[in-house]
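Please walk me through this structure from its overall layout to its individual contacts. A short account in plain prose is enough.

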Amino acid sequence: MRINGSAVGYPRLVSRARVFGAVLAGAFLITGCGMVTVVSEEAVSDYALCIDKREAGGVAPEVAALDCMDVTTIGTTDKA
């Protein structure tokens, strides 16, 4: 017994809608419409970088913070 696959008749409108949907989804993915972009706007300060480097070198966090205040001129006042 032979089964003929063309015996099942789908309406042409359904077939065209499926193809159109697949093409539309592909176009959105190619252009990037389905993508989520995460942007980090956090800038690391010189003070934080200084502390991180000192701590990586084995300096205690409190000592590193005090040393970096002098390096980055935090805590100094301008005298006119």
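A residue is called buried when its relative accessible area is under 20%, exposed when that value is over 50%, and partly exposed in between. By this cut-off, 8% of the 80 residues in the protein are buried. The model is a predicted one. Its accessible surface comes to about 7400 Å², and carbon and sulfur atoms supply 61% of that area.

The secondary structure is quickly listed. The protein has 3 helices and 0 strands, so that the order of elements from the N terminus is α-α-α.

Helix α1 covers residues 12-31, which makes 20 residues. From the first C-alpha of α1 to the last, the distance is 29 Å, close to the 28 Å expected at 1.5 Å a residue. How many of the 20 residues of α1 are buried? The number is 0, and α1 therefore lies largely in the open. Just after α1 comes G32, which takes a positive phi of about 90 degrees.

The other two helices can be taken together, starting with the buried residues. The largest nonpolar core consists of 5 residues, namely C50, I51, A64, A65 and C68. Helices α2 and α3 each supply at least two residues of this core, and α3 gives the most to it, with 3 residues. The spacing within a helix bears on this. An α-helix has 3.6 residues a turn, so residues three or four places apart point the same way.

One member of the core, A64, can be followed through its contacts. Leaving aside residues up to four places away in sequence, A64 touches I51, R54, E55 and V59. Of these partners, I51 is also listed in the core, while R54 takes part in a polar pairing described next.

Which side chains meet in a salt bridge? They are those of R54 and D67, with a distance of 3.4 Å from N to O. This pair links distant parts of the chain, since R54 belongs to helix α2 (residues 46-56) and D67 to helix α3 (residues 61-71), 13 residues apart. The count of salt bridges comes to 1.

Are the two partners buried, exposed or in between? R54 is partly exposed, with a relative accessible area of 28%. D67 is partly exposed as well, at 32%. Helices α2 and α3 are thus joined by the salt bridge between R54 and D67, and each of them supplies at least two residues of the core.

Note on methods
Residues numbered from 1 in each chain as written. Predicted model: local features only at pLDDT ≥ 70, side-chain atom pairs only at ≥ 80, totals over all residues. Heavy atoms only, no water. Helix = DSSP H or I, 4+ residues; strand = E, 2+ residues; numbered from the N terminus. Expected span 1.5 Å × (residues − 1). Buried < 20%, exposed > 50% of the residue type's maximum accessible area, 1.4 Å probe, protein only. Salt bridge = Lys/Arg side-chain N within 4 Å of Asp/Glu carboxyl O. Areas by Shrake-Rupley, 256 points an atom, 1.4 Å probe, with all protein chains shown as cover. Core = buried A, V, L, I, M, F, W, Y, C linked by side-chain atoms within 4.5 Å. Contact = heavy atoms within 4.5 Å.
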